[in-house]
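User: Please take a close look at a single part of this structure. A connected account, suitable for a first-year student, would be welcome.

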Amino acid sequence: MSLTFALQSLLARHEAYVLEAEEERRKMAASIDQLECDKEELEAANAKSIEENRNLLDQLEELNNTASTSDDQISSLNATLQSTCQELERVNGLAARAVQLEAELSLMETETTGLNDKLLSSQEDCRSVSERWKDAQRTICTLQEQIDRMEAEARDERERHTEVMNRYERRRVVERQLESAAGRLKGAAAATTKGNPGE
């Protein structure tokens, strides 16, 4: 009787152990399945982050190339601006010369007026006065042509200078926009890398 009871007790413990082991195995299998799902999700998220980072790096490289091209264009504009400044100095010199020529022109006009008066009042010196008057007229025409030419050159130089300055300002706006975009891309890349430590 006691042997039978012992066997029944042993059998009951064995069955309980089997049930417990089966339950534990089921839980471990479920846990393994969950871990596999989590792993697949993490791998998919990691692949997506890697692709996003690659895209961000490509965009950053493109911006860096664009910024480099902008630097070259700015250097070219600076050289053009320096050349324009030198040309403006030359134009200023021409303007000063024009002022001097205008003073000479005024003097010649005064002399011409005097010569005309003398021509009317003195027939005796008519030929001499006439020649001087013709010389004065030719000189006036020459001076006027020089003044007109210098004024045209000065006007062209001012227009070129204005265009160069406008281009320079537009290039500076584009450069600031590129710097701002590059900063945002770098910040986004850093945030993405920090949010995916398993990469």
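Analyst: **Helix H1 and its charged side chains**

Glu-40 is found in helix H1, which covers residues 2–121. Helices (H or I, at least four residues) and strands (E, at least two) are DSSP runs, numbered from the N terminus. The model is predicted, so local features need a pLDDT of at least 70 and side-chain atom pairs count only at pLDDT 80 or more, while totals for chains, interfaces and linings use all residues. Residues are numbered from 1 along each chain as its sequence is written, and side-chain values use heavy atoms, with hydrogens and water left out.

Glu-40 is exposed, because its relative accessible area is 52% and the label applies over 50%; buried means under 20%, and partly exposed lies in between (1.4 Å probe, protein chains only). Glu-40 belongs to a surface patch of negative charge, together with Asp-33, Glu-36, Glu-41 and Glu-43. A patch is built from residues with over 30% relative accessible area and no salt bridge; like charges are joined within 9 Å, and nonpolar side chains (Val, Leu, Ile, Met, Phe, Trp, Tyr) within 5 Å. Asp and Glu count as negative and Lys and Arg as positive, with His and the chain ends not counted. The place of a charge is taken as CG of Asp, CD of Glu, NZ of Lys or CZ of Arg.

Other charged residues are paired instead. Side chains of opposite charge can pair when their charged atoms come close. A salt bridge requires a side-chain nitrogen of Lys or Arg within 4 Å of a carboxyl oxygen of Asp or Glu, and by this rule the count comes to 7.

One of these salt bridges joins Glu-22 and Arg-25, at 2.7 Å from N to O. Both residues lie in helix H1, 3 residues apart, which is about one turn of the helix. Glu-22 is partly exposed at 40% relative accessible area, and Arg-25 is also partly exposed, at 48%.

A further salt bridge links the side chains of Glu-23 and Arg-26, with an N to O distance of 2.4 Å. These two residues of helix H1 are 3 residues apart, so about one helical turn separates Glu-23 from Arg-26. Glu-23 has a relative accessible area of 32% and is partly exposed; Arg-26, at 44%, is partly exposed as well.

Arg-97 forms a salt bridge with Glu-104, and their closest N and O atoms are 4.0 Å apart. Arg-97 counts as partly exposed at 34% relative accessibility, and Glu-104 is partly exposed at 31%.

Cysteines complete the account. A disulfide is a covalent bond between the sulfur atoms of two cysteines. Here the term requires a pair of cysteine sulfur atoms within 2.5 Å, and the structure holds 0 disulfides. Cys-37 is partly exposed, with a relative accessible area of 39%, and Cys-85 is partly exposed at 36%.

Terms used: Areas by Shrake-Rupley, 256 points an atom, 1.4 Å probe, with all protein chains shown as cover.
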